[in-house]
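Work through three short exercises on a predicted model. Each task is followed by its solution.

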Amino acid sequence: MARTVDVAGLVDRALAGEPRAVARLISLVETASPVLPEVARALAPHTGRAWVVGLTGAPGVGKSTTTSALVGALRARGQRVGVLAVDPSSPFSGGALLGDRVRMGAHATDPGVFIRSMATRGHLGGLSWATPQALRVLDAAGCDVVLVETVGVGQSEVEVVSLADTVAVLIAPGSGDGVQAAKAGILEIADVFVVNKSDRDGADATARDLKHMISLGRRDRAPTWRPPVVKAVASSGVGVDAVVGALDAHLAWMVEHGERDRRRARRAAGEVEAIAVERVRSRFGGLRGGAALDVLAKRVVAGELDPYAAADLLVDGVG
Ligand code: GDP
């Protein structure tokens, strides 16, 4: 099964921006390849440049269309763009399931654009482990901007996009998306709201409601970012420049207030933590079925040990 991977060669080709090498590295992340520590070490000196922009919203709101429009706008100003479509609910390889997304057809042959889907359900270590590593690959490959798109809005999607430097939340007019978004905890993580499908009735009312919700949510006196609400029609390109402008303004604000560094540090902390937890877990044989864990679990059931003492024994045993 195990194929030997020429990590050095692969990394060199990815650094040179070769799409197949980039795709292969992201596959290694997706399958939790044992060569990843080596890959990460080789990539590290080449990372830290990319601006990560997350996009989320209910299925059908226009995320794919908006992503494609944003790619066009960013390419027009000469930036290299990565697109990472993350499906946290699917256990299947994104590459196989979502393909390279037909709708990105216009950009699929552009050497300045990398497009990759990734499925993460059931992934060892989960989203907080896989997504930042895939971002590192795209960053090292020279992407100025990486757009991270999720398939829907739920807790896992919130987790994915909260790794981004800038988070855009898409809402469609009159869809009740705003209420759903509020429930999913999306209002708190949005840096920019896009009322997409503004060619439909109710766009102004939806924008007004969102502004109202935002004004209620901000009580702190510190100089904080107030998420702008931008109306767009992604399918025709109307308002896309305004969306880019709002994203740019957020980037400028973050840089000015040190927020970009804080978010990056938070992302790295989550990544390190996820790797550490995964290492501990793999040493005692996984969350379920590990022999040491089984023995301890039986003793807990029998009342011989309390779960805290058992956890201590497990972690100490890992040493
Ligand atoms: P996603 O599921 O959030 O990625 O949504 P898609 O980008 O696939 O869009 C869903 C459908 O809405 C597609 O048929 C798009 O062509 C359409 N769509 C996207 N943006 C707009 C828009 O601004 N106005 C209208 N009327 N349709 C749009």
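A polar contact here is a pair of N or O atoms within 3.5 Å.

**Exercise 1.** Find which atoms of Ser235, Ala234 and Val61 pair with the ligand.

*Solution.* Start with Ser235. A polar side-chain atom of this residue sits 3.3 Å from a ligand nitrogen atom. Go on to Ala234. Here a backbone N or O atom lies 3.1 Å from an oxygen atom of the ligand. Then take Val61. Its backbone N or O atom is 3.3 Å from a ligand oxygen atom. Now add the surface. The ligand taken alone exposes 580 Å², and the protein buries 69% of that.

**Exercise 2.** Describe the shell around the ligand by residue and by class.

*Solution.* First, count. The ligand is surrounded by 15 residues. Next, pick out the closest: Gly60, Lys63, Ser64, Thr65 and Asp199. Last, sort by class. The shell holds five nonpolar, six polar and four charged residues.

**Exercise 3.** Locate the largest nonpolar core and trace the contacts of Phe193.

*Solution.* Begin with the core itself. It has 50 residues. Val22, Leu25, Ile26, Val39, Leu84, Leu138 and Phe193 have the most contacts inside it. Helix α7 (residues 127–140) supplies the largest share of this core, seven residues. Now follow Phe193. Set aside its neighbours within four places in sequence. Phe193 is then in contact with Val169, Ile171, Leu187, Leu210, Ile214, Pro227, Pro228, Val229 and Val230. Finish with the second core. This one is separate and has 31 residues, including Val53, Val194, Val240 and Met254.

Technical notes. Residues are numbered from 1 along each chain as its sequence is written. This is a predicted model: local features need pLDDT of at least 70, side-chain atom pairs count only at pLDDT 80 or more; totals for chains, interfaces and linings use all residues. Side-chain values use heavy atoms; hydrogens and water are left out. A residue is near a molecule or strand if one of its heavy atoms lies within 4 Å of it. A polar contact is a pair of N or O atoms within 3.5 Å; within protein, one must be able to donate a hydrogen and the other to accept it, and residues adjacent in sequence count only if both atoms are side-chain atoms. Accessible areas come from the Shrake-Rupley method with a 1.4 Å probe; for residues, only the protein chains shown count as cover. Ala, Val, Leu, Ile, Met, Phe, Trp, Tyr, Cys and Pro count as nonpolar, Asp, Glu, Lys and Arg as charged, and the others, Gly among them, as polar. A nonpolar core is a set of buried Ala, Val, Leu, Ile, Met, Phe, Trp, Tyr and Cys residues joined through side-chain atoms within 4.5 Å. Buried means under 20% relative accessible area, exposed over 50%, partly exposed in between (1.4 Å probe, protein chains only). Helices (H or I, at least four residues) and strands (E, at least two) are DSSP runs, numbered from the N terminus. Contact means heavy atoms within 4.5 Å.
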